[in-house]
Amino acid sequence: MLRLVLAIAILSASLFSAPVQSQHPAELHIEAVGGEAKLAALKSMQRSGTADIESAEGRFSGKFQEVYDLKNDRGSVSLATTSFSQVTGWVGERGWKSHSVEGPDDVGSDELGLAKITATPSFVASLVQQYGLGVFQVGEESEFKGVMCDVLTIGGSPLSIYLNKKTHLLEAVALPPILEFTFSDYKAVDGVQLPHASVMSIAVAGLKMSYEYDAVTLFDTELDESLFDRPAAEAEAGTTKISYSEAQAAAGKIAYAEHCASCHAPDLSGSHISPGLIGARFDQNWRGKTADVLSFHIRRMPPEAEAVQLTEETHTNLLAYVLQANAFEAGAALASDLMTLGSVEIPQLEGATFDPDVPVELSRRQTITLSKLEPVTDEMRSNPPAEDWLSWGGSARGLNYSSLDKVNTENVAELVPAWRTALRGGPSMSIPLVHQGIMFMQTFPDTTLALDAQTGDVLWRYQRPGIMGSSQKMGIALSGDKVLVPTSDLHVVALEAKTGKVVWDHAIKIEVPKGGRGGQQLRSAPLIAGGQVIQGVTASFASRGGFLVAIDLETGEESWRFDTIAKPGEEGGNTWNGVEYDKRSGGSVWHQGTYDPELNLVYYGVAPTYDTGPLLKSIEKEGITSEALYTNCTIALNPETGELVWYYQHMQNDQWDLDWVFERQIASVMIDGKKRKAVMNVGKVAILEAVDAATGEYLFSVDPGTQNVIASIDPETGAKTFDLSKMPDPKKETVVCPSAAGGRSWPPTAYSPATSMVYVPITEWCMTLGPKGARLLTSGVGISEAVHPDAVDGKLAKLQAIDVANQKLAWKHEQVAPISTGLLATAGGVIFSGDLEPSLKALDAETGAVLWRQQLDDVPSSSIITYSVGRTQYVAILVGISNIHVQALNGAYAALTSDRDVEPVSLPKGGASIWVFSL
């Protein structure tokens with residue numbers, strides 16, 4: 001019996017943040033029974049209330065908009081999106097085009113036919129790319145009447161995806177039929193924006209139906225059960241068995257002895273910083289990937305003599321020798337070009353599953369390093385040793401600056417790969433920390449690792465039980481002998497730094513008012529201050545909004561919490577245009593906090609609300625305003641008590657989702673000839689603002705000119721005057737810059753005390769507000785993409801340097817590919833930046849000149865860090881780990897390269913890993 005279940009929950013749309021469901025879900029059950037596999041019965045269609053909402057939230061943590069459960073007697077797959085009408089990304093894959101719709105984080109993985117799909121971060125296209133489940137191809141535009149087409153293969157059966165960006169029409173048609181969706185415009189049903197009649201048609205293995213909100217039409221069509229019973233051999237058609245010739249391996253052995261053995265050891269086992277190419281390390285890094293990925297890395301490895309340039313034939317022979325050393329059989333000769341090698345897979349060992357998180361057997365040196373690991377003190381976090389990277393942002397001040405200078409402008413071009421360790425793929429933004437030669441990091445789904453910072457060997461791991469998805473967390477914290485870890489199920493856990501064992505586990509209590517909404521998440525890294533572990537909580541649509549919670553570092557008990565939505569009767573409580581407290585939402589704390597021990601203050605940014613409709617027009621009642629405190633504020637709190645000491649609102653009544661939520665960097669700067677301790681931050685509009693760290697007094701703003709919303713800024717107070725023509729109006733179109741994804745967003749900025757410059761990664765993109773597009777805000781306005789006037793030259797990104805001492809723009813470096821990582825400034829005069837080419841670049845901090853560029857095997861994300869062990873300075877970057885922001889950047893980049901006939905760099909997709917470089 002073949003059974004198909006389609007469950008659809010239509011929720012409040014959120015284009016770039018996790019949405020929460022509305023009060024009007026709909027559920028449709030269809031069952032096909034009988035040997036002839038005909039449609040037998042329509043079981044039920046029902047609109048349900050809070051009961052179904054609660055059950056859905058229990059399964060998906062309230063982070064989805066539309067959920068599709070497809071089941072048959074072989075298994076099931078759950079697919080989820082925030083909205084099919086929103087298009088957050090196109091992903092470039094070897095010159096082809098592929099489509100990705102951003103989805104939630106907490107959906108499990110099941111089996112559909114022969115294809116195992118983990119529908120965690122986004123819809124099918126990105127899943128297949130990320131987990132290696134299929135192949136992307138693109139059809140000619142003329143063949144599909146001007147509509148871009150992508151072909152996706154699942155279990156040997158192709159699935160075509162069509163996208164018309166102008167009308168936001170997304171169709172997926174199976175050939176032969178696997179799954180078919182058709183979508184069109186929206187209309188209001190019971191006050192909720194829902195697709196109208198004939199909005200959706202679905203076909204699964206020949207079963208077709210049309211879904212409407214007021215009617216259901218079913219077409220009695222035979223099911224093609226062969227799709228679900230495809231033989232394994234047929235499913236694996238197209239995969240070439242890897243082989244090499246004896247002559248290639250023999251030549252490779254000679255080349256290895258001459259060029260590689262001095263670093264990687266004569267037996268390929270590796271030595272010091274050079275990774276092993278044999279045994280368990282080979283299995284964990286390269287099995288299950290295509291041969292082009294391994295070949296790409298072999299070509300990156302420098303030969304013993306720097307002047308030697310190895311030929312393509314020699315690189316291929318080295319690959320053959322590595323395969324021979326790992327007991328692969330000889331046969332047909334290996335191809336030399338990466339494209340052909342991309343069709344050859346390095347198979348897993350039969351019956352073996354390699355987990356990149358499995359710890360290796362500790363060496364004597366590693367055992368001693370762990371045993372001698374010293375506690376991280378408050379003094380260390382405030383003034384970290386140059387060799388360590390102890391906090392998110394490098395220190396409690398969050399500058400993303402290192403005083404290491406062994407890598408500098410004179411020698412940065414000599415950086416070469418030191419080691420690479422494979423990680424689990426999945427949504428994340430985690431930044432590694434390093435203390436005394438041990439690297440600590442969080443990976444997907446909720447796994448914390450300790451690695452040897454010299455080799456990448458895994459020393460221990462902690463896997464959070466029962467977690468299948470991820471809230472795309474940004475990092476962890478170190479204090480004393482503990483590693484502090486936020487989890488996707490709203491806990492903060494303290495682990496022993498030497499062993500990974502749990503010391504305490506604190507569950508953050510969430511109270512949802514009667515009739516209210518939930519949907520909280522943890523995303524930011526914990527901040528250690530005043531003996532407390534301070535954790536921000538996101539709450540995009542949750543009733544009463546977000547908050548900060550402090551947990552006693554020693555006991556694991558809650559000490560205090562600060563609500564970021566002002567309450568009636570308290571300071572700022574009358575700034576919500578008369579909206580009842582239980583109906584206020586937003587104020588998420590999803591980015592990083594910083595700490596000044598001298599002033600004993602912690603600083604955080606607070607996000608706006610998506611429920612902008614009730615704030616759009618003033619109720620004109622005395623004593624009532626619509627600033628919506630404490631959204632878009634810098635707040636300064638006493639870390640021991642949670643008392644609000646001061647606040648400064650950078651942008652009131654944000655009607656565009658242009659957050660000022662990001663990191664608050666603490667630095668001493670010269671203002672009018674006097675040194676002032678300032679808290680600086682850059683919001684989505686890319687404007688740098690500074691306020692006094694002790695009082696919150698406004699100091700200055702510097703606008704790079706990326707935005708068109710703010711018409712002027714008062715030089716004394718920083719108060720903003722908006723361009724009224726940019727106010728949202730559902731009845732007319734207006735172009736607003738930047739996009740709601742942000743001129744700057746997740747990737748953090750950097751500040752160098754050596755140059756007195758802030759370095760900002762900027763994406764030049766805009767949005768059209770009006771009657772069409774995705775509904776992110778409750779003002780009723782639709783949001784769709786628009787081209788930024790500064791991007792007409794084909795360059796979508798710039799790295800902007802801002803002279804803080806003189807409060808003016810300095811140099812800028814423009815490039816086609818968006819910057820996908822945070823920036824790193826060093827005392828060596830170098831700025832490091834990663835982008836979608838994909839590459840890692842080093843620029844001169846004084847001039848912006850590009851000094852070095854390294855191709856990577858997958859898209860870099862998160863932030864770049866540097867550290868040293870012994871005499872060696874390292875630079876580390878994560879690749880192949882996606883998140884909401886990187887997905888959006890992928891889409892904009894692919895659209896730009898498509899529209900302007902610019903070919904993106906074609907490189908192997910090496911998957912999730914950490915790359916580390918050294919001189």
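## Reading salt bridges, burial and a sheet

The structure, a predicted model, holds 26 salt bridges.

Me: Before we zoom in, what does the secondary structure of the protein come to?

Reply: The tally is 13 helices and 59 strands. For the overall picture, add that buried residues make up 62% of the 919 residues. The accessible surface is about 32,500 Å², and carbon and sulfur atoms account for 50% of that.

Me: How do I read the contacts in terms of sequence separation?

Reply: Take the contacts between residues at least 6 apart in sequence: 61% of them join residues at least 24 apart.

Me: Okay, salt bridges. What's the general idea?

Reply: Side chains of opposite charge can pair when their charged atoms come close. Here's one case: R287 bridges to D283, with 2.6 Å between the closest N and O atoms.

Me: Are R287 and D283 buried or exposed?

Reply: Both R287 and D283 are buried.

Me: And which residue does E312 meet in a salt bridge?

Reply: That's R299, at 3.5 Å from N to O. This pair links distant parts of the chain, with E312 in helix α8 (residues 312-325) and R299 in helix α7 (residues 291-300), 13 residues apart.

Me: Why does E312 count as partly exposed, and R299 as buried?

Reply: The cut-offs settle it: buried means under 20% relative accessible area, exposed means over 50%, and partly exposed is in between. E312 has 43% relative accessibility, so E312 counts as partly exposed. R299 has 18%, so R299 counts as buried.

Me: Where do D446 and K473 sit?

Reply: Start with the bridge: the closest N and O atoms of D446 and K473 are 2.9 Å apart. The pair links distant parts of the chain, 27 residues apart: D446 is in the loop between β25 (438-443) and β26 (447-452), while K473 is in the loop between β27 (458-463) and β28 (477-479). D446 counts as buried because its relative accessible area is 2%, and K473 counts as buried because its relative accessibility is 2%.

Me: Which residues do salt bridges with shared partners join into one network?

Reply: Look at D835, E837, K841 and R853: salt bridges that share partners join them into one network.

Me: Let's stay with D835. Where does D835 lie?

Reply: D835 is in strand β54, which covers residues 830-835. Its relative accessible area is 0%, so D835 is buried.

Me: Which side chains make polar contacts with the D835 side chain?

Reply: One is the side chain of Q815, at 3.2 Å. Another is the side chain of S839, at 2.8 Å. If you leave aside residues up to four places away in sequence, D835 touches Q815, A817, P818, I819, S820, K841 and P860. Notice that K841 is in that list and also in the salt-bridge network with D835.

Me: Now a sheet. How do I read strand pairing?

Reply: Strands of a sheet pair through backbone hydrogen bonds, either parallel or antiparallel. In this structure, try the open sheet of 4 strands, ordered β32-β33-β34-β35, where the pairing is antiparallel. Its edge strands, β32 (527-529) and β35 (558-563), each pair on one side only. From one strand to the next, the twist averages 25°.

Me: Over how many bridges do β33 and β34 pair?

Reply: β33 (residues 532-537) and β34 (residues 547-552) pair over 6 bridges, in the antiparallel sense.

Me: Which residue in β34 stands opposite G536?

Reply: L548 does, so to speak, face to face: G536 stands opposite L548.

Technical notes
Residues numbered from 1 in each chain as written. Predicted model: local features only at pLDDT ≥ 70, side-chain atom pairs only at ≥ 80, totals over all residues. Heavy atoms only, no water. Helix = DSSP H or I, 4+ residues; strand = E, 2+ residues; numbered from the N terminus. Buried < 20%, exposed > 50% of the residue type's maximum accessible area, 1.4 Å probe, protein only. Polar contact = N/O pair within 3.5 Å; in protein donor to acceptor, adjacent residues only side chain to side chain. Contact = heavy atoms within 4.5 Å. Areas by Shrake-Rupley, 256 points an atom, 1.4 Å probe, with all protein chains shown as cover. Salt bridge = Lys/Arg side-chain N within 4 Å of Asp/Glu carboxyl O. Pairing = 2+ DSSP bridges. Axes fitted to C-alpha atoms, helices over the stretch in contact; angles between N-to-C directions.
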